[in-house]
Amino acid sequence: MIDTNDFLDTLTEYGFDFFTGVPDSLLKNLCACISASDRVKNITAATEGNAVGIACGYYLSSGKPAVVYMQNSGIGNTVNPILSLADEDVYSIPFLMIVGWRGEPGTADEPQHKKQGKLTVSLFETMGIHTVILEENFHKCIEECSAYMKKYNRPVALIVRKNSFSDVPFTKPENKYLLLREEALEIITEHLTENDIIVSTTGKTSRELFEIRERKNQNHSCDFLTVGSMGHTSSIAFGISLGTDKTVYCADGDGSFLMHMGASAVNSANMGDNFRYIVLNNGAHESVGGQATAGFDADIPAILSGCGFRKVFTVKNAEELHESIEEMKKTPGSAMVVYIVQGSRSDLGRPTLSPQENKRLFMENISK
């Protein structure tokens, strides 16, 4: 196992002093180390493509390559800025990508990571990105990456396997709210009918919704659990609402909302009376370590209102949620922002239904 502090020290010795990206569970100890360091600057980006743009801008002003960290599921978000901006046929801008290798062949992982894991190295090779797999002798890996960038002025990808970094304590960002996400989901489901549809975002939101249904002995046919494609939950929910008369509630997270915020403008401009949008905002990427998002810095209710939602409810406790969800049920095209605290049960499980089974049950139900 690699000593995380030593790894960061070595990066700074090679001149890497600016970091940006989207946190990943395989990189949570590195992200914790970066966040605690007073020797580097760190920006949590909205998307991986956003991070690439920031890194390119930093290089243009400083002449120094930045570090862009991400999970391999975010590679797709980087393709456009890599190939049409950073590529050697365009501006030839170097930066170091540190990429968590979810779904690595031969390892056990969730279904949504399997294909991405198989294709991670070949995707970078197809884009002409030099790829290095991180090893115990990480000094050699960093030296190779740095030398390549200096010689060719191109991006480099450093691929990180599971359990590569030693543990680093992480202090979660301050949060003054008391309502837990699972409590909020309990209240929401309590007020909805058996005919209502819920589309839940990636990570712990879908896991908690699944377990709430299990606890209540309810079936899962009215829920679509978005286990992958982070940032696209609202678009999926909106698309579902176009093909049914049932009321569709999207239970999104602040990180997902911020990733593709423009979707809210499109959704609200074209939605019917059966679409409702809920953002569960804890100001953090909780599922991958708890790193802060811009969820508490941005005025999300004002953004949603500006996008065209007909009414936006702001909720900060359980009593307000009970009242607001009842009002939301009566208000077509409405949205709600629920401010919650980080935290989940230590025994929180994962859905026991496969994505294919979830899809089958959901489509059978929605066609009734």
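**Reading helix packing and pockets in a predicted model**

User: Where do α7 and α8 touch in this model, and which residues take part?

Analyst: The model is predicted. In α7, the residues Arg181, Glu182, Leu185, Glu186 and Thr189 make contact with Lys204, Thr205, Glu208, Leu209, Ile212, Arg213 and Arg215 of α8. By class, this contact of α7 with α8 comprises seven charged, three nonpolar and two polar residues.

User: How should the geometry of such a pair be read, and what is the angle between α7 and α8?

Analyst: In general, a pair of packed helices is described by two quantities, the angle between the axes and the distance between them. Here, helix α7 (residues 181–191) and α8 pack at about 50°, and their axes are 10 Å apart. The two helices, α7 and α8, are therefore oblique to each other. Their crossing, that of α7 and α8, is right-handed.

User: What does the same reading give for helix α1 and helix α6?

Analyst: Helix α1 (residues 4–13) packs on helix α6 (residues 138–152) at an angle of about 30°, with the axes 10 Å apart. Angles under 35 degrees count as roughly parallel, and α1 and α6 are therefore roughly parallel to each other. The crossing of α1 and α6 is right-handed.

User: Which residues of α1 and α6 meet?

Analyst: From α1, the residues are Asp6, Phe7, Thr10 and Leu11; they meet Phe138, His139 and Ile142 in α6. The contact of α1 with α6 divides into four nonpolar residues, two polar and one charged.

User: Is the crossing of α9 and α11 left-handed or right-handed, and at roughly what angle do their axes cross?

Analyst: The axes of helix α9 (residues 233–242) and helix α11 (residues 262–270) cross at roughly 15° and come within 10 Å. Consequently, α9 and α11 are roughly parallel to each other. The crossing in which α9 passes α11 is left-handed. Ser234, Ser235, Phe238 and Leu242 of α9 meet Ala263, Asn267 and Asn270 of α11. By class, the contact of α9 with α11 holds four polar and three nonpolar residues, and no charged ones.

User: Turning to empty space, what volume does the largest pocket have?

Analyst: As a general idea, empty space is revealed by rolling a probe the size of a water molecule over the atoms. The largest pocket in this model has a volume of about 1100 Å³. It is lined by 47 residues, and those closest to its centre are Gln112, Thr202, Gly203, Val227 and Met230.

User: Which helices and strands supply the lining of the largest pocket, and how does that lining divide by class?

Analyst: At least two lining residues come from each of α5 (111–126), α8 (204–215), α10 (254–259), β11 (284–285) and α14 (355–366). The lining of the largest pocket divides into 25 polar, 13 nonpolar and nine charged residues.

User: How many residues line the second largest pocket, and which lie nearest its centre?

Analyst: The second largest pocket contains about 570 Å³ of space. Its lining has 28 residues, with Ser25, Leu26, Lys28, Lys162 and Asn163 nearest the centre. Helix α2 (residues 28–36) contributes the largest share of this lining, three residues. By class, the lining of the second largest pocket has ten nonpolar, nine polar and nine charged residues.

Terms used:
Residues are numbered from 1 along each chain as its sequence is written. This is a predicted model: local features need pLDDT of at least 70, side-chain atom pairs count only at pLDDT 80 or more; totals for chains, interfaces and linings use all residues. Side-chain values use heavy atoms; hydrogens and water are left out. Axes are lines fitted to C-alpha atoms, for helices over the stretch in contact, and angles run from 0 to 180 degrees between N-to-C directions. Helices (H or I, at least four residues) and strands (E, at least two) are DSSP runs, numbered from the N terminus. Angles under 35 degrees count as roughly parallel, over 145 as roughly antiparallel, 65 to 115 as roughly perpendicular and the rest as oblique. A crossing is left-handed if the near helix is turned anticlockwise from the far one by less than a right angle, and right-handed if clockwise. Contact means heavy atoms within 4.5 Å. Ala, Val, Leu, Ile, Met, Phe, Trp, Tyr, Cys and Pro count as nonpolar, Asp, Glu, Lys and Arg as charged, and the others, Gly among them, as polar. On a 1 Å grid over the protein atoms alone, a cavity is a set of points where a 1.4 Å probe fits but cannot get out, and a pocket is an open set with protein on both sides within 12 Å along at least five of seven lines; lining residues have an atom within 4 Å of a point. Grid points are joined across faces, edges and corners, and a volume is the space filled by probe spheres set on the points.
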